[in-house]
There are 2 protein chains.
Amino acid sequence: MPVTIRDVARKLNLSVTTVSRALDGYDDVAEETRQRVIAAALEMEYVPNRAARQLRRQRADTIGYVLPAHEPRFADPFFSEFVAGLGDEAGSSNVDLLISTASPNEEEEQLVYQRWVHGHKVDGFVLNHMRLRDWRVIYLDRKEVPFVSLERTLDPVEYACIEVDGFGAVRELVLRLVEMGHRRIAFVCGPPHLVIQADRYAGYRDGLRSAGIMPTLELIAESDLTHQGGYHAAQQLLSISDPPSAILCINDLTAFGVYQAVRERGLQPNRDICIAGFDGLEITRWSHPELITIDQPVYDIARQLVKMLLMSLNESDKPYSRVMIKPKIMMPGCC
Amino acid sequence: MPVTIRDVARKLNLSVTTVSRALDGYDDVAEETRQRVIAAALEMEYVPNRAARQLRRQRADTIGYVLPAHEPRFADPFFSEFVAGLGDEAGSSNVDLLISTASPNEEEEQLVYQRWVHGHKVDGFVLNHMRLRDWRVIYLDRKEVPFVSLERTLDPVEYACIEVDGFGAVRELVLRLVEMGHRRIAFVCGPPHLVIQADRYAGYRDGLRSAGIMPTLELIAESDLTHQGGYHAAQQLLSISDPPSAILCINDLTAFGVYQAVRERGLQPNRDICIAGFDGLEITRWSHPELITIDQPVYDIARQLVKMLLMSLNESDKPYSRVMIKPKIMMPGCC
DNA sequence: TTGTAGGCGTTATCAA
DNA sequence: TTGATAACGCCTACAA
């Protein structure tokens, strides 16, 4: 039998109204009364029932994040850093974080969003891994559910987001590699409908062109953001007649797959062949030789996204902010 | 203006009762009526309001997990695999997963549990990283909130849990190493109050003793489960006059830190010195040379824990199950 | 087989 | 400065 606001009121010989207002910090309650209420609440371990409050206030004090789990057992540490950021910021803002996993674009994914939206489980969403055209953006906009995202889609909808300049960073990395003498630079792609793929790949092509190098199809490998995918892509790239001297990857995980394929050929990463990822995951710093990567502050981005979401929750009239982040190229001792 | 059960009832000229019962699958509603209701609900995109339902039913259909984040930016992929398992199983059982991060044993951690318990945010908890004496066990037991855990504490409380036989696995690994000729086998510890530390360390000592080797203090290094901690511990172990030929670690993350320290001394892991971790994380398979580890099925354990929790939620009279899992020693080509 | 009505615990409106 | 009261949306005992 949990303690309710009525129990507290009864004990103090006050009305529930007064107790409620005292605890919520309204200023039309006598200071002495407030102190008594607070003391009693603490002593009785009273905490407002969230369901009742939510029903009354029509908000959940909860934000939602649906993890795009391509495989049943997803393994990209990107998400653990991202979720950590969401969790920490949510916690310190006193809202809860609701998490689910779902395969992108599957019916399953839609069900999760629908359940949470219609069931009023969450007040807003954090999105990432955006697709160029993203039904989530359209859907949430139509339902008037606030959301923020990492990466911006092409959908004609206004919303707050953080963008990472993958285009510029990859472009610069390509130019640096060319300066170091590389001419055969390959790129391992992610799924074509993803914003990060379009963005980073465009940077790759633009870098090559700026250096006067013609992008060639045999140096482009399709992949799927996984270690496994990177491994297979590299096998393909390494078996052509004039193999690349550098391989850029859509993300760090893919790059580690490339590492493995390279080693199996008896080559040494970053001595015989240059390999670069994208994300700047913590584990890249433990790899040997240390992976070249483009470091985006995943944890901080996640925290910032939560801040932005809470802001748009509280002041819905504010204009949508759009933040652009320049990631940092990490080239620890390189070939 | 979200659609409520009343809207559906009005549209069909039925009472809310009938609609409610039809949707919940009661058998005292005419089949034809049920079909009409279901069709209308689908068309109107009606989903029951969770807060209202929760208030009425007195349960949240949500389970909670508090991530023990020692650092602000925790980085152990163990947790991403664990959370993935929780999320997947929760999702397929149609309950939600509430997540927060908190430093163990801090006041902050207690606050999270209290908020969720008193606020009725969750119906039960999944715990891991148990301490030998764990206030969470005592607290939840006292509050009569169901929970399950990975690893069992010494607290005199009955509860369902999964145990991994770290003792046996580490012991066997030690014996195998001795067979291979190792005599100087070191151990890098985790925090002493953790169950996994007590368990695995005991296995280490018992293995040595069974092989007729006297454990010696200079081969024991304190650490904290992190990469950084493993790195420092290894530096210490490698600088003694008669350094170890094998280093066992409390977990994989620590082992990777050891890798780094070993390499900085110009040594090659698993050729010049044997290094082993514990967890069997996905990334161990990408390391080079591949890390020796003790593989516990983290993802499946997490799913199983959720199942056990939901079971004890639904049938509170069932006896508590205790599952023991034998982890698997992974020694891919070793010195 | 269907409908009526009361209440889950809170907060907000309004009156005292 | 405080209190009575009415919702929020849903479920269910009970009545029809």
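In the predicted model, three bridges connect strand β3 (residues 124-127) of chain B with β4(B), and the two strands run parallel. Within this pairing, Val126(B) lies opposite Val148(B) of β4(B). Strand β4 of chain B spans residues 147-150, with Phe147(B) and Ser149(B) directed to one side and Val148(B) and Leu150(B) to the other; all are buried.

A further parallel arrangement is found in chain A, where four strands form an open sheet in the order β7-β6-β8-β9. The edges are occupied by β7 (220-221) and β9 (274-276) of chain A, each of which has a single partner strand, so one side of each is left without a neighbour in the sheet. Strand β8 (residues 246-249) of chain A is joined to β9(A) by three bridges, the two running parallel. Here Ile247(A) has Ile275(A) as its bridge partner in β9(A).

Residues of this strand pair recur in the description of the nonpolar interior. The largest nonpolar core comprises 182 residues, of which Ile247(A), Leu248(A), Ile275(A), Ile247(B), Leu248(B) and Ile275(B) touch the most other members. In soluble globular proteins, nonpolar side chains tend to be buried together. When neighbours within four places in sequence are set aside, the contacts of Leu248(A) are Val170(A), Leu173(A), Ile185(A), Ala186(A), Phe187(A), Tyr204(A) and Ala276(A). In chain B, Leu248(B) is in turn among the contacts of Tyr204(B), together with Val170(B), Val174(B) and Phe187(B), again leaving aside neighbours within four places in sequence. Tyr204(B) belongs to helix α9 (residues 195-210) of chain B. Because 25 other C-beta atoms lie within 10 Å, Tyr204(B) is classed as buried. A separation of 21 Å is found between the C-alpha atoms of Tyr204(B) and Ile162(B), which are 42 residues apart along the chain.

Pro319(A) provides a contrasting environment: with 8 other C-beta atoms within 10 Å, Pro319(A) is exposed. This proline is located in the loop between α12 (298-314) and β11 (322-325) of chain A. Pro319(A) and Val126(A) are 193 residues apart in sequence, and their C-alpha atoms are 18 Å apart in space.

Two copies of a chain are related by a rotation about an axis and a shift along it. For chains A and B, a turn of 180 degrees with a shift of 0.1 Å along the axis lays chain A on chain B with an RMSD of 0.2 Å. This is the relation of a two-fold axis. The contact between the chains takes 47 residues from chain A and 46 residues from chain B. On the side of chain A that touches chain B, at least two residues each are supplied by α4, α5 (77-92), β2 (96-102), α6 (107-118) and α11 (252-264) of chain A. The most are given by α5(A), with nine residues. By class, this side of chain A has 23 nonpolar, 14 polar and ten charged residues. Of the interface residues of chain A, 98% are also interface residues in chain B, so the copies meet through the same surface.

Strand pairing also extends across the two chains. β2(A) and strand β2 (residues 96-102) of chain B pair in the antiparallel sense over three bridges. In this pairing, Leu98(A) stands opposite Leu98(B) of β2(B).

Both chains contribute to the surroundings of the DNA. DNA strand C is surrounded by 24 residues, the closest being Ile5(A), Asn49(A), Ala52(A), Ser15(B) and Thr17(B). Two or more residues of this surface come from each of α1 (5-12), α2 (16-23) and α4 (50-57) of chain A and α2 (16-24) and α4 (50-57) of chain B. The most are given by α4(A), with five residues. The surface near DNA strand C has ten nonpolar, eight polar and six charged residues.

DNA strand D is surrounded by 25 residues, the closest of which are Ser15(A), Thr4(B), Ile5(B), Asn49(B) and Ala52(B). The elements that give two or more residues to this surface are α2 and α4 of chain A, along with α1 (5-12), α2 and α4 of chain B. Near DNA strand D, α4(B) gives the most, with five residues. By class, the surface near DNA strand D has ten nonpolar, eight polar and seven charged residues.

Notes. Residues numbered from 1 in each chain as written. Chains lettered and ligands numbered in written order. Predicted model: local features only at pLDDT ≥ 70, side-chain atom pairs only at ≥ 80, totals over all residues. Near = placed C-beta within 6 Å. Nonpolar A, V, L, I, M, F, W, Y, C, P; charged D, E, K, R; others polar. Least-squares fit on C-alpha atoms with pLDDT ≥ 70 in both. Contact = placed C-beta atoms within 7 Å. Pairing = 2+ DSSP bridges. Core = buried A, V, L, I, M, F, W, Y, C linked by C-beta atoms within 7 Å. Buried ≥ 20, exposed ≤ 12 C-beta atoms within 10 Å, placed from the backbone.
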